[in-house]
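This briefing covers the strand pairing and the nonpolar core of one chain. Please have the sequence and the model open while reading.

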Amino acid sequence: MKVRVTKKLSDAPIDIPITTEFIKLQDFLKFANAVESGGMAKNFIVNGEVQVNGEVCTQRGKKLRPGDTVTFLSNTWRVAETDA
């Protein structure tokens, strides 16, 4: 299994803007390029390797809204609103 590891540049979360009201956790990991496929995202989530707002989350359908943070493989992303 391939895992894409990105170099952590700072402790500040990386903003990932979305154009919808929410995005599901599994889809967010793909959208942020943290994983290559939905299957990989599912495995990492159900194995408890992903945190949402500082807590382990095993629900791959968890709805993320702007302001939520996701931590995975020492990287942190923040769901942000689009500047449109």
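The points below go from the sheet to its strand pairs, then to the core and two selected residues. The model is predicted.

**Sheet layout**
- Five strands form an open sheet in the order β1-β7-β6-β3-β4, and their pairing is mixed.
- β1 and β4 (55–56) are the edge strands, each pairing on one side only.

**Strand β7 and its neighbours**
- Strand β7 spans residues 75–81 and is mostly covered, with five of its seven residues buried.
- On one side, β7 runs parallel to strand β1 (residues 14–18), and five bridges join the two.
- Within the β1 pairing, Pro 17 has Ala 80 of β7 as its bridge partner.
- β7 also pairs with strand β6 (residues 69–72), here in antiparallel fashion and through four bridges.
- Within the β6 pairing, Val 70 has Trp 77 of β7 as its bridge partner.
- β6 and β7 form a hairpin with two residues between the strands, where Leu 73 takes a positive phi near 50°.

**Strands β3 and β6**
- β3 and β6 run antiparallel and are joined by three bridges.
- Val 52 is bridged to Val 70 in β6; Val 70 is also the residue whose bridge partner in β7 is Trp 77.

**Nonpolar core**
- The largest nonpolar core has 21 residues, of which Leu 25, Phe 28, Leu 29, Val 50, Leu 64 and Phe 72 touch the most other members.
- At least two residues of this core come from each of β1, α1 (25–31), α2 (38–46), β3 (50–52), β6 and β7.
- α2 supplies the largest share of the core, four residues.
- In soluble globular proteins, nonpolar side chains tend to be buried together.

**Contacts of Leu 25**
- Leaving aside residues up to four places away in sequence, Leu 25 touches Ile 45, Val 50, Val 52, Cys 57, Gln 59, Arg 60, Lys 62, Leu 64 and Val 70.
- Val 50 and Leu 64, both among these contacts, are also listed with Leu 25 among the core residues that touch the most other members.

**Contacts of Thr 76**
- Thr 76 lies in strand β7, and its side chain makes a polar contact of 3.2 Å with the side chain of Thr 71.
- With residues up to four places away in sequence left out, Thr 76 touches Ala 12, Pro 13, Ile 14, Thr 69, Val 70 and Thr 71.
- Val 70 thus appears in the contact lists of both Leu 25 and Thr 76.

Methods
Residues are numbered from 1 along each chain as its sequence is written. This is a predicted model: local features need pLDDT of at least 70, side-chain atom pairs count only at pLDDT 80 or more; totals for chains, interfaces and linings use all residues. Side-chain values use heavy atoms; hydrogens and water are left out. Buried means under 20% relative accessible area, exposed over 50%, partly exposed in between (1.4 Å probe, protein chains only). Two strands pair if DSSP finds at least two bridges between them. A nonpolar core is a set of buried Ala, Val, Leu, Ile, Met, Phe, Trp, Tyr and Cys residues joined through side-chain atoms within 4.5 Å. Contact means heavy atoms within 4.5 Å. A polar contact is a pair of N or O atoms within 3.5 Å; within protein, one must be able to donate a hydrogen and the other to accept it, and residues adjacent in sequence count only if both atoms are side-chain atoms.
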